[in-house]
Amino acid sequence: MEGEDEGPGTMIEDIVSNGVDDKRSKPIFSSEQMDVEAYASLYSGRTKITRLLFIADRCGNQSMQLEALRMAYEEIKKGENSQLFREVVQKIDGRLGPAYGMDQAWVDNVDRRAEQRKEKLENELNSYRTNLIKESIRMGYNDFGDFYYAHGVLGDAFKNYVRTRDYCTTSKHIIQMCLNAILVSIEMGQFTHVTSYVSKAEPTPEALDPVTVAKLRCAAGLAHLEGKKYKHAARKFLETGPELGNNYTEVIAPQDVATYGGLCALASFDRTELKNKVIDNLNFRNFLELVPEIRELINDFYSSRYASCLEYLENLKANLLLDIHLYDHVETLYNQIRHKALIQYTHPFVSVDLHMMASAFKTSVAGLEKELEALITDNQIQARIDSHNKILYARHADQRNATFQRVLQTGSEFDRDVKAMLLRANLLKHECNARAAARKCL
Amino acid sequence: MESIEALVAHIQVLSSSVDDISHLHNLLKQAEESLQSQASRLAPFLEQLDPSKHSLGYLYILEAYTSAPIQTEQASELTVSIANFINSCLAEQIRLAPDKFTSVCKRFKDQVLLLQAPIQGVGPLRTAVRKLQPSSEQLTALHPDFLQLCLLAKCYKTGLCVLEEDIFEVDQPKDFFLYCYYGGMICIGQKLFRKARELLLNVVTAPMSTTNAIAVEAYKKYILVSLIHNGQYSTTSFPKYTSSVAQRNLKNFSQPYVDLANSYSTGKIVELESCFETNREKFESDNNLGLVKQVVSSLYKRNIQRLTQTYLTLSLQDIANTVQLSTPKEAEMHVLQMIQDGEKFATINQKDGMVIFHEDPEQYKTCEIIEQIDLSMQRMIALSKKLNTVDEFISCDPIYLAKAGRERPRFDFDDFDAVPQKFNM
């Protein structure tokens, strides 16, 4: 691994080796392929199916795809969603043998049962409505919502859940309604609703038990993540209590809380915040135990062992791209983390030898120079590159000179603007006089 | 109605003291018609008069004489005689009849242009401008003519000395527009882009009720000069005080320039060049081709400037690659030019092919810089005083008071009384 760069291979100092030392035991890399079964067992309900289908679409690997589709098929069979069933069968395309083909009998059965249940629910709801019993109407709408959700008609499910709002009497009901609405919105991908319902549920403290609080925080964190507000997302995930446990598996697994929270924090927090809120955070430590790679990479970043940190990130990347919430943010987050690492590396030094830095980050000097150039132009690093000797010199702006320059410039601008203004005033005066004269002539 | 001879006699007699001059002035005004009718006969009378003493009378007769069409043989000697007159006339007498003087000078300019020797007119018109101005802050109708002759004769430096005075009083908006436009062109010729930009901006933002062609042309040049000087031009925003007429219409007339500005802001030479090629004929027809070529070369400079922000030393090869020049030699040429122009402080090491960039060595510690700052401060103080006097003057202006009185907020019964418009004492 170290032989591929052109840095002096013999000079292994502490900074260069950066923790990737052969003498230590190899850290836990999950660079081998994701175990689909283990991954799917973390979730339940509809999200399990969606995630499996996502993996099947995205992974390049035939065996993994078939595995995911097989598990999806079995999961769907346990439920009542005939639409999804048809989709999965189409995707499988007969590749898994006759046991995983189109089971028309099952589909018809499910549809017929659905019809019956729907009729029953409608009748019940109508009778409740004529009787005007609030609680029963609420439960009726709730049942309708559940029904539609089970059959995959998410829009109607959402509408029905929202309708229960008018009939909620206790804060427990409100919480239930909000949680349902949040669940459906996450499935639908409409995260603005998620944020609004989280904020509706939060101001009722007496009914909130720690599990619900944790659930709401996760939902809020997901919403922020989708909205690319990584700092807020990180804060929400970090505040999630360990009581979440396995109670929210229909949305998110505790491993995900660790992963999302850890990566967002790394990309957006500064050093003090990282230490206080992540490394010293006892609650969050429970989550980090579940995903030891994230824990290791955060520690490496904090102790400036950049090469190993970036290596962990690379290994995790393939699996993270298969996650339905994180996949389109992976690139951005990784870039931000890498930039932060570069900035943090150069921060304490007056001059840095680019060769050593390149071997610390395991890139070539030319590539490193390009990256640093971009950061300097962006004003994130105050330094200049001596391209001849390949050294980076820190440069601190001279306040005194800058002040003088600004003063002289402001003076000349004032000069110019006031003169122009006086001229314009003069022109206007003549215009007024001309018009007044014209009016007098009339 | 007096005969010309009598008039000439009057002139010779009455040109000595101030009272006599005003009496003479009245006589001349009454005699104007007769002078006009006998225009062609007036040449010999001119020789009887001495321009340095009898300036007013000479002026009237000269004006009448030149109002008639002139034959080409007489044109050159006429220009000589007018030039003599201008150089020797008395400023106080001239200022009594400014419009006559202006029309004489304008005809002089026409003659000079007909003879295709604009340089002959530059000197006399400069003296004319000086004599006509009641103060150095006043714009006269002759300023634009003078600048036009300077441009045609390519005597930019003489034009500059007039431009350096600040103008605050303007009589005719059209004169002002032309003055700023020609002034801008002269500054461009001398590569004083900052001043050119100021002058052109004055045209673009001047109060106008309708769009005029001068403003359109000035706007086109303004875009180009902004690009060369600042490296950027924001095509979307005019300053707040631009008239709405200008804001709406100017961009429509200068679309190729706006496109050029947009492709400049991408920073890529290739895009700029392609935009240049597509609009080449339009630039040529506007006589702006040279300026546009300067814009293109300034993009290289801008890119090299950006490099100096990030690098302490850089090889010429790298500069050439980043800025998309073809050879390191060209890069060296550009950097050398920038060093000579004082835009960048650097050292070229030809042995290694490296350029070392330095910081601005100005430490703001020398006596000269202190003097400069002191002068600037005094200028500011003078300007502020001027601003205050203008403000006071407007506050006492009856038209302003009437309008402000009408539109003031009314909090009290007393406020509903009319603002006193006149004080009858």
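**Chain A, overall**

I began with the secondary structure of chain A and found 21 helices and three strands. The model is a predicted one, so I read the entries below as statements about a prediction. Chain A has 442 residues, and I noted that 46% of them are buried. I then looked at the contacts in chain A with a separation of 6 or more, and 62% of these join residues 24 or more positions apart.

**Nonpolar cores**

I looked up the largest nonpolar core next, and it has 219 residues. B:Phe101 and B:Ile319 have the most contacts inside this core. Helix α14 of chain B, residues 213-230, contributes the largest share, 11 residues. I also found a second core, separate from the largest one, with 29 residues. Among its members are A:Met34, A:Phe85, A:Ala253 and A:Leu322.

I went back to B:Phe101 and asked which residues B:Phe101 touches beyond four places away in sequence. I listed B:Leu59, B:Phe85, B:Cys89, B:Ile94, B:Ala128, B:Leu132 and B:Leu142.

**Between chain A and chain B**

I turned to the interface, where 34 residues of chain A are in contact with 41 residues of chain B. The two chains bury about 3,700 Å² between them, and 61% of that is on carbon and sulfur atoms. I counted one salt bridge between chain A and chain B. The salt bridge joins the side chains of B:Arg379 and A:Asp415, at 3.2 Å from N to O. For polar contacts between the chains, I recorded seven residue pairs, both residues at pLDDT 80 or more.

Which elements of chain A each supply at least two residues to the side that touches chain B? I noted α20 (365-377), β2 (383-386) and α21 (399-441). Of the elements on this side of chain A, α21(A) gives the most, with 22 residues. By class, this side of chain A has 14 nonpolar, eight polar and 12 charged residues.

**B:Asn288**

I found B:Asn288 in the loop between α18 (280-285) and α19 (289-310) of chain B. Is B:Asn288 buried or exposed? The relative accessible area of B:Asn288 is 1%, so I entered this residue as buried. The side chain of B:Asn288 makes a polar contact with the side chain of B:Lys221, at 3.2 Å. Not counting residues up to four places away in sequence, B:Asn288 touches B:Lys220, B:Lys221, B:Leu224, B:Tyr257 and B:Phe283.

**B:Phe345**

B:Phe345 is in the loop of chain B between α21 (328-340) and β2 (346-349). The relative accessibility of B:Phe345 is 32%, so I put this residue down as partly exposed. I checked B:His358, which is 13 residues away along the chain, and its C-alpha atom is separated from that of B:Phe345 by 5.3 Å. B:His358 is also one of the residues that B:Phe345 touches, and the others listed are B:Ile356, B:Phe357, B:Glu359, B:Asp360 and B:Pro361, leaving out residues up to four places away in sequence.

**Positive phi**

Most residues other than glycine have a negative phi, so I wrote down the exceptions I came across. A:Leu132 has a positive phi, near 60 degrees. I placed A:Leu132 in the loop between α6 (104-131) and α7 (134-150) of chain A, and A:Leu132 is exposed, with a relative accessible area of 68%. B:Lys191 likewise has a phi near 60 degrees, a positive value. I found B:Lys191 in the loop between α12 (173-189) and α13 (193-205) of chain B, and B:Lys191 counts as exposed at 52% relative accessibility.

Key:
Residues numbered from 1 in each chain as written. Chains lettered and ligands numbered in written order. Predicted model: local features only at pLDDT ≥ 70, side-chain atom pairs only at ≥ 80, totals over all residues. Heavy atoms only, no water. Core = buried A, V, L, I, M, F, W, Y, C linked by side-chain atoms within 4.5 Å. Buried < 20%, exposed > 50% of the residue type's maximum accessible area, 1.4 Å probe, protein only. Helix = DSSP H or I, 4+ residues; strand = E, 2+ residues; numbered from the N terminus. Contact = heavy atoms within 4.5 Å. Buried area = accessible area lost by both parts, 1.4 Å probe. Salt bridge = Lys/Arg side-chain N within 4 Å of Asp/Glu carboxyl O. Polar contact = N/O pair within 3.5 Å; in protein donor to acceptor, adjacent residues only side chain to side chain. Nonpolar A, V, L, I, M, F, W, Y, C, P; charged D, E, K, R; others polar.
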